[in-house]
Amino acid sequence: MELVGQKLAEKEGKTALEIWKQALDNITPLVEVKSRRIGGATFQVPTEIRADRKESIAMKNMINFARKRGGHSMAEKLSGEILDAYNNQGGAFKRKEDMHRMAEANRAFAHFRF
């Protein structure tokens, strides 16, 4: 959080915690697809995500993509991923966009929800 505060908080006029919350909101998915087997065929059915699961998915994605980044320490990698998420870019944001795109493509199968 200190690295985020040093890099961006002074420019934006926000605290590091506010930047982190905004970054987490930017990478939080709203829908996901679940496989549903119906009549011998498997469909990707879009479903809404519970609030606690949304938060855990967002944090998990942020940590996983931070681990894949280049950098010396995990603190640097995580601060870089937080800044990218704040600016609507980076791996975690791309994962959210891919989830939403997949759900939109399979919207025709939404009636298979139970």
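Trainee: Which residues does Val33 touch, once residues up to four places away in sequence are not counted?
Mentor: In this predicted model, Val33 touches Gln44, Val45, Pro46, Met102, Ala103 and Asn106. The place of Val33 itself is in strand S1.

Trainee: What makes Val33 and Met102 worth looking at as a pair, in sequence and in space?
Mentor: Set two values side by side: Val33 and Met102 are 69 residues apart in sequence, and 7.1 Å apart in space from C-alpha to C-alpha. Met102 is also among the residues that Val33 touches.

Trainee: Why is Val33 called partly exposed?
Mentor: Its relative accessible area is 22%. Buried means under 20% and exposed means over 50%, with partly exposed in between. The value of 22% falls in between, so Val33 is partly exposed.

Trainee: Is Glu32, also placed in strand S1, buried or exposed, and how do you know?
Mentor: Glu32 has a relative accessible area of 7%. That is under 20%, so Glu32 is buried. Its contacts, not counting residues up to four places away in sequence, are Val45, Pro46, Thr47, Ile49, Arg53, Ile57 and Met99. You can also look for Glu48, 16 residues from Glu32 along the chain, with 6.4 Å between the two C-alpha atoms.

Trainee: What about Pro29: buried or exposed?
Mentor: Pro29 has 0% relative accessibility, which is under 20%, so Pro29 counts as buried. Find Pro29 in the loop between H2 and S1. Leaving out residues up to four places away in sequence, Pro29 touches Ile49, Lys54, Ile57, Lys96, Met99 and His100.

Trainee: How do you know which class Phe109 belongs to, with its relative accessibility of 27%?
Mentor: Place 27% between the cut-offs of 20% and 50%, and Phe109 counts as partly exposed. Phe109 is in the segment after H5. Neighbours within four places aside, Phe109 is in contact with Phe43, Gln44, Val45 and Pro46. The C-alpha atoms of Phe109 and Pro46 are separated by 7.3 Å, with the two residues 63 apart along the chain.

Trainee: Let's move to the helices. Why are H2 and H4 described as they are, in terms of direction to each other?
Mentor: Start with the angle: the axes of H2 (residues 16–26) and H4 (residues 74–86) cross at roughly 65° and come within 8 Å. Angles of 65 to 115 degrees count as roughly perpendicular, and H2 and H4 are therefore roughly perpendicular to each other. The crossing is left-handed.

Trainee: Which residues of H2 and H4 meet there?
Mentor: From H2 come Ile19, Trp20, Gln22, Ala23 and Asn26, and from H4 come Ile82, Ala85 and Tyr86. By class they are six nonpolar, two polar and no charged.

Trainee: How do you know where the buried residues of H2 sit around the axis?
Mentor: The buried ones include Ala16, Ile19, Ala23, Leu24 and Asn26. They cover an arc of only 155° around the axis, which puts them on the same side of H2. A general point helps here: an α-helix has 3.6 residues a turn, so residues three or four places apart point the same way.

Trainee: What makes Asn26 count as buried?
Mentor: Its relative accessible area is 11%, under the 20% cut-off, so Asn26 is buried. Apart from neighbours within four places in sequence, Asn26 is in contact with Ala85, Tyr86, Asn88, Phe93 and Lys96.

Trainee: And what about Asn88: which class fits its relative accessible area of 41%?
Mentor: The value lies between 20% and 50%, so Asn88 is partly exposed. Asn88 sits in the loop between H4 and H5. Asn88 also has a positive phi of about 55° although it is not a glycine.

Trainee: Last pair: what makes H3 oblique to H5?
Mentor: H3 (residues 51–68) and H5 (residues 91–105) pack at an angle of about 130°, with axes 8 Å apart. Roughly perpendicular ends at 115 degrees and roughly antiparallel is over 145, so an angle of about 130° makes H3 oblique to H5. H3 passes H5 in a right-handed crossing. Asn61, Met62 and Phe65 of H3 make the contact with Gly91, Ala92 and Arg95 of H5. This contact has three nonpolar, two polar and one charged residues.

Conventions
Residues numbered from 1 in each chain as written. Predicted model: local features only at pLDDT ≥ 70, side-chain atom pairs only at ≥ 80, totals over all residues. Heavy atoms only, no water. Axes fitted to C-alpha atoms, helices over the stretch in contact; angles between N-to-C directions. Helix = DSSP H or I, 4+ residues; strand = E, 2+ residues; numbered from the N terminus. Parallel < 35°, antiparallel > 145°, perpendicular 65-115°, else oblique. Left-handed = near helix turned anticlockwise from the far one by under 90°. Contact = heavy atoms within 4.5 Å. Nonpolar A, V, L, I, M, F, W, Y, C, P; charged D, E, K, R; others polar. Buried < 20%, exposed > 50% of the residue type's maximum accessible area, 1.4 Å probe, protein only. Arc of directions from axis to C-beta.
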